[in-house]
Amino acid sequence: YFGPYSSVMMQHSVLEFVREVVPLRTCKLNLAPEQIAKGRYSVCLQYHLGNCKGPCVGEQSEAEYAKLVDMVVAVLKGDLRPVRSYLEGEMSHAAAGLKFELAQRYKQRLDALDNYSSRSVIVSAKIVDVDVFSLLPDDDVAYCNFLRIRHGSIVGVYTVKLSTGVGGDERDMLTLAIQHIVEHIAGTLAKEVVVPFLPSTTLLFDGVTFTVPKRGEKLELLEFSQKSARIYRAEQLKNLEIKNPERYTERLLNALQKELRLDRQPRHIECFDNSNLQGAHPVASCVVFRDGKPARKEYRHFNIKTVEGPDDYASMREVVFRRYSRLQEEGAELPDLIIADGGKGQMGIIHEVLEYLGLDIPVAGLAKNDRHRTSELLCGYPPVLVGIRPTSPLFHFLAHIQEEVHRFAVSFHRQKRSKAFIHSELEQIEGIGDKTIRTLLQHFRSVAKVKAAPAEELSALVGPAKAKKIRAFFEK
């Protein structure tokens, strides 16, 4: 048995290649020696096309046919060298006998072989038989990926999840993982094993040489194994999020507590953002996350009251002071973590306000790159960079908080700007007050429809005198 293959299409591709390159029979005739000796059969079209050597008429012996079968087995195992040697020999033999059309046919099969090797799972012509192990520690578990390379091809990929306990030594984890895979999956190891670092003991694995690569194809294999482990972990976490959301949230908050070095889980998180257009209609927003989920009923909008012009720092100072001085007065619950939608400057402003109010709340910042995407996590005072992989679930969680606060602030800013625009246009009409404006908007729903309304409809709604003024204003 061979496989598994990544898809049915790949399976058909392999079989098609074998039929194209190796001349095996496709008939189901009984090729017992006595049947062939009686001359019961005659050659078919496949023989004339060169796709079969004619074993049915005795032109190919059973031993010769068995050699071709062995070549197919080698190809399916990923070793193309026997079939290459066979084709090159046949091509040279045909050319020496001046059978150039036959030689060209073998040349085409060699080209097909090269094309197949470029698309196949063969990873190296130099690395023949090795095993590769990589380790991905994650809190109290570790993910170990195992690659089995035979004849230069990947013939097996396995990832296992092991419980290791918090703070375990990585070398001990690797030793435990290799033992587990040998006992339950691999059976025996290759003479050479590629690892990211040496296991805690090599005495358990007799006759095995452990290699820690620094460059070249072995390092590429190790990186591929590590990538496979990360993909497996992502799938496991996605399944956990679907099947057990409480446990998934617990893992996220534990990871955030660990990365920011907090004294407790940040179950109550608040994040702030400002929004304005060149200083016009400045607003701010605060979003609240509880137990890793948005608590939308606790979201708050703020109209900036004391700041003139586009000053994000002053706006942040006003909003944070108003938010937490009020929570102090009301005796309400304070957050476990405050996140600023910005870098060191915004974090410094929040820290100043908290210090003035006598509050001790951890502050983190989410900085963006020149493409306006979340790129860095900062924490502490003075702020320091926290290294988190952009592909990790924790990074996606923080990016979600940042997107949510930005969405909430921008939607409020647009709403305020739109409302101001509507009122400023209608309020310019002399003799039209707030009551008339409300009546017009309740009926027509938009200023554009007021502009397009005929005088008769306006007269019926607000009277002929006001209707005349409205038509005269818009007709200008």
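Axes here are lines fitted to C-alpha atoms, for helices over the stretch in contact, and the angles between them run from 0 to 180 degrees between N-to-C directions. Keep that handy for the helix pairs below. What you have open is a predicted model.

**The whole chain**

Show everything as a cartoon to begin with. The protein carries 16 helices and 13 strands. Colour by accessibility if you like: of its 476 residues, 42% are buried. Now think about contacts between residues at least 6 apart in sequence: 55% of them join residues at least 24 apart.

**Helix 15 and helix 16**

Go to the C-terminal end of the numbering and select helix 15 (residues 455–462) along with helix 16 (residues 464–475). Two packed helices are described by the angle between their axes and the distance between the axes. For this pair, the axes cross at roughly 135° and come within 7 Å. That makes helix 15 oblique to helix 16, since angles over 145 would be needed to count as roughly antiparallel. The crossing of helix 15 past helix 16 is right-handed.

Turn on side chains to see who meets whom. From helix 15, pick Ala455, Leu458, Ser459 and Val462; across from them in helix 16 are Pro464, Lys466, Ala467, Ile470 and Arg471. Sorted by class, the contact of helix 15 with helix 16 has 6 nonpolar, 1 polar and 2 charged residues.

**Helix 13 against helix 15**

Leave helix 15 on screen and add helix 13 (residues 434–444). The axes of helix 13 and helix 15 are 11 Å apart, and the two pack at an angle of about 125°. Helix 13 and helix 15 are therefore oblique to each other. Their crossing is right-handed. On the helix 13 side, select Thr436, Thr439, Leu440, His443 and Phe444; on the helix 15 side, select Glu457, Leu458, Leu461 and Val462. In class terms, this contact of helix 13 with helix 15 comes to 5 nonpolar, 3 polar and 1 charged residues.

While you're there, click on Leu458 and Val462. Both are in the helix 15 set that touches helix 13, and both also turn up in the helix 15 set that meets helix 16.

**Asp336**

Next, jump to Asp336, in the loop between helix 10 (312–330) and strand 10 (337–340). Buried or exposed, would you say, for Asp336? Asp336 is buried: its relative accessible area is 14%, and the cut-off for that label is under 20%.

So what do you find around Asp336? Beyond its neighbours within four places in sequence, Asp336 is in contact with Arg264, Gln265, Pro266, Arg267, His268, Ile361 and Pro362. Draw two distances here. One runs between the side chains of Asp336 and Arg264, a polar contact of 2.9 Å. The other goes from the Asp336 side chain to the backbone nitrogen of Arg267, at 3.1 Å.

**Two positive phi values**

Most residues other than glycine have a negative phi. Here are two stops that go the other way.

Step back along the chain to Arg261, in the loop between helix 9 (245–260) and strand 6 (268–277). Arg261 is not a glycine, yet its phi is positive, about 55°. Arg261 counts as exposed, at 72% relative accessibility.

Finish at Leu98, which sits in the loop between helix 5 (81–96) and helix 6 (100–119). Phi of Leu98 is near 60°, again positive in a residue other than glycine. Leu98 is exposed, with a relative accessible area of 63%.

Note on methods:
Residues are numbered from 1 along each chain as its sequence is written. This is a predicted model: local features need pLDDT of at least 70, side-chain atom pairs count only at pLDDT 80 or more; totals for chains, interfaces and linings use all residues. Side-chain values use heavy atoms; hydrogens and water are left out. Helices (H or I, at least four residues) and strands (E, at least two) are DSSP runs, numbered from the N terminus. Angles under 35 degrees count as roughly parallel, over 145 as roughly antiparallel, 65 to 115 as roughly perpendicular and the rest as oblique. A crossing is left-handed if the near helix is turned anticlockwise from the far one by less than a right angle, and right-handed if clockwise. Contact means heavy atoms within 4.5 Å. Ala, Val, Leu, Ile, Met, Phe, Trp, Tyr, Cys and Pro count as nonpolar, Asp, Glu, Lys and Arg as charged, and the others, Gly among them, as polar. Buried means under 20% relative accessible area, exposed over 50%, partly exposed in between (1.4 Å probe, protein chains only). A polar contact is a pair of N or O atoms within 3.5 Å; within protein, one must be able to donate a hydrogen and the other to accept it, and residues adjacent in sequence count only if both atoms are side-chain atoms.
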